[in-house]
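Hi everyone, thanks for letting me take the slot today. Have a look at the model on the screen, and then I'll walk you through the bits I picked out.

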Amino acid sequence: MKINWKRVVIAGIWSEFLLFAIYIPARMYAGWAGILAMLGSMFLGGLWVARKVEARFLLHGVLVGIFAGVVFYVLLFAVILFWPKTDIGALSDDIFATVTKILGAAIGGYVGGKLRKKALA
């Protein structure tokens, strides 16, 4: 079975922008709720990508999380490039956040795979 790169890329971009819409307000008002927002948005991306693939659900979820991390770093470097005086200390991502993204998307892919197998049975 092939990897459905189109769905991985779309889910990664969608999950990252959903994360920006949820994470920043959640982080401002509730601190650790930002981590839950990160897990939730990546879970939805992994779940969405697993809906149409036939196999390798967990791998597809992991790839969504990795691609979402890449999208974040591209956006971060664009901010640094175009607005060099911007304080990115609050925006900078670390290894924990990237692993959280990958974990959330992987769980979404796994659950999506289980639901797909159950629906086909």
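Let's begin with L63, which sits in helix α3. One thing to keep in mind as I talk: this is a predicted model. So, is L63 buried or exposed? L63 is buried, because its relative accessible area is 16% and the cut-off for buried is under 20%. Now look along the chain to A105. L63 and A105 are 42 residues apart in sequence, yet their C-alpha atoms are 8.1 Å apart in space.

Right after L63 in the numbering comes V64, and V64 lies in helix α3 too. V64 has 0% relative accessibility, so V64 counts as buried. If you go from V64 to L19, you cover 45 residues in sequence, and the distance in space is 13 Å, C-alpha to C-alpha.

Okay, on to how the helices sit against each other. Helix α3 covers residues 57–82, and helix α4 covers residues 95–120. The two pack with their axes 7 Å apart, at an angle of about 150°. What do we call that arrangement of α3 and α4? Roughly antiparallel, because the angle falls in the range over 145 degrees. As for handedness, α3 passes α4 in a right-handed crossing.

Next pair: α1 and α2. Helix α1 is residues 5–30, and α2 is 33–50. Their axes come within 8 Å and cross at roughly 160°. That angle is over 145 degrees, so α1 and α2 are roughly antiparallel to each other. Here again the word is right-handed, for the crossing in which α1 passes α2.

Now try α1 with α3. These two pack at an angle of about 55°, and their axes are 8 Å apart. That makes α1 oblique to α3, because 55° is neither under 35 degrees nor in the 65 to 115 range. The crossing of α1 and α3 is right-handed.

Let's move to charges. Side chains of opposite charge can pair when their charged atoms come close. How many salt bridges does the count come to here? The count comes to one salt bridge. The partners are K101 and E16, and their closest N and O atoms are 3.2 Å apart. This pair links distant parts of the chain, with K101 in helix α4 and E16 in helix α1, 85 residues apart. And where do the two partners stand on accessibility? K101 counts as buried, because its relative accessibility is 1%. E16 counts as buried as well, at 1% relative accessibility.

Let's go to the loop between α2 and α3. R51 is found in that loop. With a relative accessible area of 48%, R51 is partly exposed. The C-alpha atoms of R51 and L115 are separated by 8.4 Å, and the two residues are 64 residues apart along the chain.

In the loop between α2 and α3 you'll also find R56. What is the phi of R56 near? Phi of R56 is near 55°, which is a positive value in a residue other than glycine. For context, most residues other than glycine have a negative phi. R56 is partly exposed, with a relative accessible area of 44%.

Last stop, back on helix α1. P25 is found in this helix. P25 counts as partly exposed, because its relative accessibility is 36%, and partly exposed lies between the buried cut-off of 20% and the exposed cut-off of 50%. P25 and A37 are twelve residues apart in sequence and 9.9 Å apart in space, going C-alpha to C-alpha.

Also in α1 is Y29. Buried or exposed, what's your guess for Y29? Y29 is exposed, because its relative accessible area is 70% and the exposed cut-off is over 50%. And Y29 has company: I24, M28 and Y29 make a nonpolar surface patch of about 390 Å².

So, if you want a few things to find on the screen afterwards, try these. Find the K101 and E16 salt bridge linking helix α4 to helix α1. Then find R56 with its positive phi, and finish on the patch made by I24, M28 and Y29. That's me done, thanks for listening!

Terms used
Residues numbered from 1 in each chain as written. Predicted model: local features only at pLDDT ≥ 70, side-chain atom pairs only at ≥ 80, totals over all residues. Heavy atoms only, no water. Patch = residues over 30% accessible without salt bridge, like charges linked within 9 Å, V, L, I, M, F, W, Y side chains within 5 Å. Areas by Shrake-Rupley, 256 points an atom, 1.4 Å probe, with all protein chains shown as cover. Salt bridge = Lys/Arg side-chain N within 4 Å of Asp/Glu carboxyl O. Helix = DSSP H or I, 4+ residues; strand = E, 2+ residues; numbered from the N terminus. Buried < 20%, exposed > 50% of the residue type's maximum accessible area, 1.4 Å probe, protein only. Axes fitted to C-alpha atoms, helices over the stretch in contact; angles between N-to-C directions. Left-handed = near helix turned anticlockwise from the far one by under 90°.
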